[in-house]
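The following note is offered to a colleague who is examining this entry. Please read the numbered points alongside the sequence and the coordinates.

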Amino acid sequence: MDGRRALQGRRAQAFLALGAFSAVLLVLAFVDPRTARFAPVCPFHRVTGLWCPGCGTGRALHALVHGDLGRALRLNALAVAAIPVFLALALRAALRPEERLPVPPAWLQVLLCLLLAFFLVARNLPFEPFASWAPR
C-alpha cells in the first residue's frame with residue numbers, strides 16, 4: 001500500500017509542477033516582467049550587482065511565450081535550454097511514476113558545479129563574448 005501511495009504522490013507532484021509551469025507561462029503571456037510592479041527582483045543581483053544563473057528567467061520566458069527565441073536565449077539560455085528537459089522529466093514522472101532515472105548522484109553534482117561556474121562566473125565577465133550573456 002505504501003508503494004502505491006508513493007507512486008500516486010510522485011504522479012501528483014509531476015502534474016502539479018506541470019500545472020505551475022503552465023500557470024507561469026499563462027501569466028507571462030499577459031504580463032511583462034520588465035514593467036510589472038509585482039515581478040520579483042533578484043536579491044543576489046541587488047546585493048552584489050552580479051547576475052545569478054536565474055537572472056533574466058522571467059523576461060526570457062516572456063520573450064519565449066511571445067515567440068522571440070533569440071531574445072529569450074540572450075536573456076537566459078540556461079532557462080530556455082532547461083524547458084524541454086523539465087517537460088520531458090515531468091511528463092515521464094507523471095505517466096510512469098514507477099520508473100526512476102538511473103543517474104549517479106556524482107554526475108548531478110558535477111553538472112551542477114559546471115552550470116554554476118558557467119552561468120555565475122562566465123556571464124559576469126566584463127569582456128566579450130561573456131558580457132553579452134548578461135540579461136540586460
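1. A90 is a residue of helix α4. In this predicted model, A90 has a relative accessible area of 8% and is therefore classed as buried, since that value falls under 20%. Leaving aside residues up to four places away in sequence, A90 is in contact with A14 and L18. As for a position further along the chain, L116 follows 26 residues away, and 23 Å separates the C-alpha atoms of A90 and L116.

2. Helix α4, which spans 69-95, also takes part in the largest nonpolar core. This core consists of five residues, namely A60, A63, A72, L75 and V80. Both α3 and α4 supply at least two residues of the core, and α4 provides the largest share, with three residues.

3. Within this core, A72 merits separate mention. When residues up to four places away in sequence are not counted, A72 touches A60, A63, L64, A77 and V80. Among these partners, A60, A63 and V80 are themselves members of the core.

4. The cysteines deserve a careful reading. Which residue holds the cysteine sulfur closest to that of C52? The sulfur of C55 does, at 3.6 Å, and the pair is not bonded because this distance is too far for a bond; the cut-off for a disulfide is 2.5 Å. C52 is also buried, its relative accessible area being 16% and so under 20%.

5. Across the whole structure, the search for disulfides returns zero. C42 accordingly belongs to no disulfide, and the cysteine sulfur nearest to that of C42 is the one in C55, 3.6 Å away. C55 thus appears as the nearest neighbour by sulfur position for C42 and for C52.

6. The largest pocket encloses about 540 Å³ of space. Its lining comprises 22 residues, and those lying nearest the centre are P33, A39, P40, V41 and G58. By class, 15 of the lining residues are nonpolar, five are polar and two are charged.

7. Which helix gives the most to the lining of the largest pocket? Helix α3 does, with four residues. Helices α1 (2-30) and α3 (57-65) each contribute at least two residues to this lining. Helix α3 is therefore to be examined in two settings, given that α3 also supplies at least two residues of the largest nonpolar core, a helix here being a DSSP run.

Notes. Residues numbered from 1 in each chain as written. Predicted model: local features only at pLDDT ≥ 70, side-chain atom pairs only at ≥ 80, totals over all residues. Heavy atoms only, no water. 1 Å grid on protein atoms, 1.4 Å probe; cavity = no way out; pocket = protein on both sides within 12 Å on 5 of 7 lines; lining within 4 Å. Points joined across faces, edges and corners; volume = space filled by probe spheres on them. Nonpolar A, V, L, I, M, F, W, Y, C, P; charged D, E, K, R; others polar. Buried < 20%, exposed > 50% of the residue type's maximum accessible area, 1.4 Å probe, protein only. Core = buried A, V, L, I, M, F, W, Y, C linked by side-chain atoms within 4.5 Å. Contact = heavy atoms within 4.5 Å.
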